[in-house]
Amino acid sequence: EMDDDGFRDQASKAIVEFGKVRKNDPNLARFLALLGYVSIDAKGEGGWKELRKRMRDGMVHAFYFSVAPSLFGDLAERLHSHGIADVDSRIVVEKPFGRDLESARALNRILAQHFDEHQIYRIDHYLGKETVQNLMAVRFANILFEPLWNAQYVDHIQITVAETVDVGGRGGYYDKSGAMRDMVQNHLMQLLCLIAMEPPARFEPDSVRDEKLKVIRALDPVDYHHIVRGQYDADDDQPGYRAHVENPRSTTESFVAMKCHISNWRWAGTPFYLRTGKKLRARASEIAVVFKDAPHSIFGPEAGTHRNVLAIRLQPNEGMTLGVTIKEPGPGGMRLVDVPLDMSFAEALQNAASSTVGELRNAEQISAQALQGKADVRDVTDAVMNAQQNLQAAIAIRDKIVTAFLEISRMQI
């Protein structure tokens, strides 16, 4: 059982290690003094009276539900019955918001019994990342890219979120969700929307979400032949996926890749390749915009084929690389070679945060925006949850992809 001092000590060690803060920094001491720890029983009465005593009146309180969705209703009910939440409070819930359309509606009804819509923040923490937010600037602040950002010039787009870690202590949760629900239907879909959306009228949350919804509605159903799924296996000294989730017959995927199409004028015929997985060779979150070959080469077949690739690195080593084709120096004729124009945010912007510090600032930004009542990091689900006739648009991506996904889920991995 942890107490205040134990929790502060744990927080201090994490901040010093990952936040690059000195242990004797006076700001750290002031921050730690604000922390407290109360253990509660989500389905019972234990700890709730003590938590109520800790709450400061006249403040805006945000409650982050970092728990299984099955506990949302119990927590929301007890926050109200014990007088902890009020009209100014907010609750923050993260993915996965239900397993399908019906369960998402059920969760929404449970939360709506205790909180008004403007108090509920269904968030995707991916949207708080600096580099993810920077996608908006790359696309809509540079005239260089916009004329080429369409099916006429783009051959295909790859969106990759690869992790080197295994499922660790999340086996029980992960085996019920898998890579599809854990990553594709939220994080990767957000990246897809940001890359494929039309320019919003204004840089405002509602305008941006409107354009994201148009992308989701334009997604074609995914052919099950265009989905690949798998599990990581055991290696020399580490157990495999099924051992980690303690389910020797599990068919839940820890890796998934798929080919998607968007049926609109901008992207018709351009494939989008999405892939994500655990225990992969390298950690990387990257978007690669692969442009088409030049329509005609004046240098002859011996020069080879070359194409431009814009790679946007979200983590680690946040930055962008644009591959261009130049002549290889030296005699011997016109030999072409691809070289990168590379920009690292950490090098170009001297105050740019490292990946680890950026993650901390990401969490800080999400919490601050919830307290301030801003919607920048809300999931696209939020755009339609209070309009029932459009609810299906928010969850449609799961219905479109999962329909095909379930066909191969019945097959043995």
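**Glu246 and Lys279**

I began with Glu246, which counts as exposed because its relative accessibility is 72%, a value I compared with the cut-off of over 50% for that class. The model I am reading is a predicted one, and I keep that in mind for every entry below. Glu246 sits in the loop between helix H9 (241-244) and strand E6 (255-260), and its phi is near 55 degrees, a positive value in a residue other than glycine. I noted this down because most residues other than glycine have a negative phi.

I then looked up Lys279, which also is not a glycine and yet has a positive phi of about 60 degrees. Lys279 belongs to the loop between strand E7 (272-277) and E8, and with 23% relative accessibility it counts as partly exposed.

**Gln315 to Pro316**

I checked the peptide bond from Gln315 to Pro316 and found it cis, with omega near -15 degrees. Pro316 is placed in the loop between E9 and strand E10 (319-327). I marked the bond in my notes because most peptide bonds are trans.

**Strand E8 and its neighbours**

Since E8 and E9 had come up with the loops, I turned to their pairing. Strand E8 (residues 284-291) is mostly covered, with 6 of its 8 residues buried. I traced strand E4 (residues 154-162) as a partner of E8, the two running antiparallel and joined by 8 bridges; within this pair, His156 stands opposite Val290 of E8. I also traced strand E9 (residues 309-315), which is joined to E8 by 6 bridges and again runs antiparallel. Here I looked for the bridge partner of Glu286 and found Arg313 in E9.

**The sheet of E1, E2 and E3**

I followed an open sheet of 3 strands in the order E1-E2-E3, paired in parallel. Which strands form the edges? I found strand E1 (62-65) and strand E3 (120-123) there, each pairing on one side only. From one strand to the next, I read an average twist of 20 degrees. Strand E2 (residues 90-94) pairs with E3 in the parallel sense over 4 bridges, and I noted Glu94 standing opposite Ile123 in E3.

**Helix H4**

Next I looked at what lies over this sheet, and recorded helix H4 (residues 72-81) lying across E1 and E2, with a direction of about 160 degrees to E1. I asked whether H4 is open or enclosed. As 7 of the 10 residues of H4 are buried, the helix is largely enclosed by the rest of the structure. I listed the buried residues of H4 as Phe72, Gly73, Asp74, Leu75, Ala76, Arg78 and Leu79, and I note that Asp74 and Arg78, which are among them, count as charged. Just after H4, I found Gly83 with a positive phi of about 70 degrees.

**Helices H7 and H8**

I then examined helix H7 (residues 171-196) against helix H8 (residues 205-218), which pack at an angle of about 105 degrees with their axes 9 Å apart. H7 and H8 are therefore roughly perpendicular to each other, since that word covers angles of 65 to 115 degrees. On the H7 side, I found Gln190, Cys193, Leu194 and Ala196 making the contact, and on the H8 side Lys212, Val215 and Ile216. By class, I entered the residues of this contact as 5 nonpolar, 1 polar and 1 charged.

**Phe140**

I placed Phe140 in helix H6 (residues 130-140) and entered it as partly exposed because its relative accessibility is 29%. Leaving aside residues up to four places away in sequence, I found Phe140 touching Glu146, Met197, Glu198, Pro199 and Pro200. For Phe140 and Pro199, I noted a separation of 59 residues in sequence against 6.9 Å in space, C-alpha to C-alpha.

**The protein as a whole**

I closed with the overall figures. The secondary structure comes to 12 helices and 11 strands, and 44% of the 413 residues count as buried. Among the contacts with a separation of 6 or more, I read that 70% come from residues 24 or more positions apart. I entered the accessible surface as about 21,700 Å², with 54% of it belonging to carbon and sulfur atoms.

Methods:
Residues numbered from 1 in each chain as written. Predicted model: local features only at pLDDT ≥ 70, side-chain atom pairs only at ≥ 80, totals over all residues. Heavy atoms only, no water. Axes fitted to C-alpha atoms, helices over the stretch in contact; angles between N-to-C directions. Parallel < 35°, antiparallel > 145°, perpendicular 65-115°, else oblique. Contact = heavy atoms within 4.5 Å. Buried < 20%, exposed > 50% of the residue type's maximum accessible area, 1.4 Å probe, protein only. Areas by Shrake-Rupley, 256 points an atom, 1.4 Å probe, with all protein chains shown as cover. Pairing = 2+ DSSP bridges.
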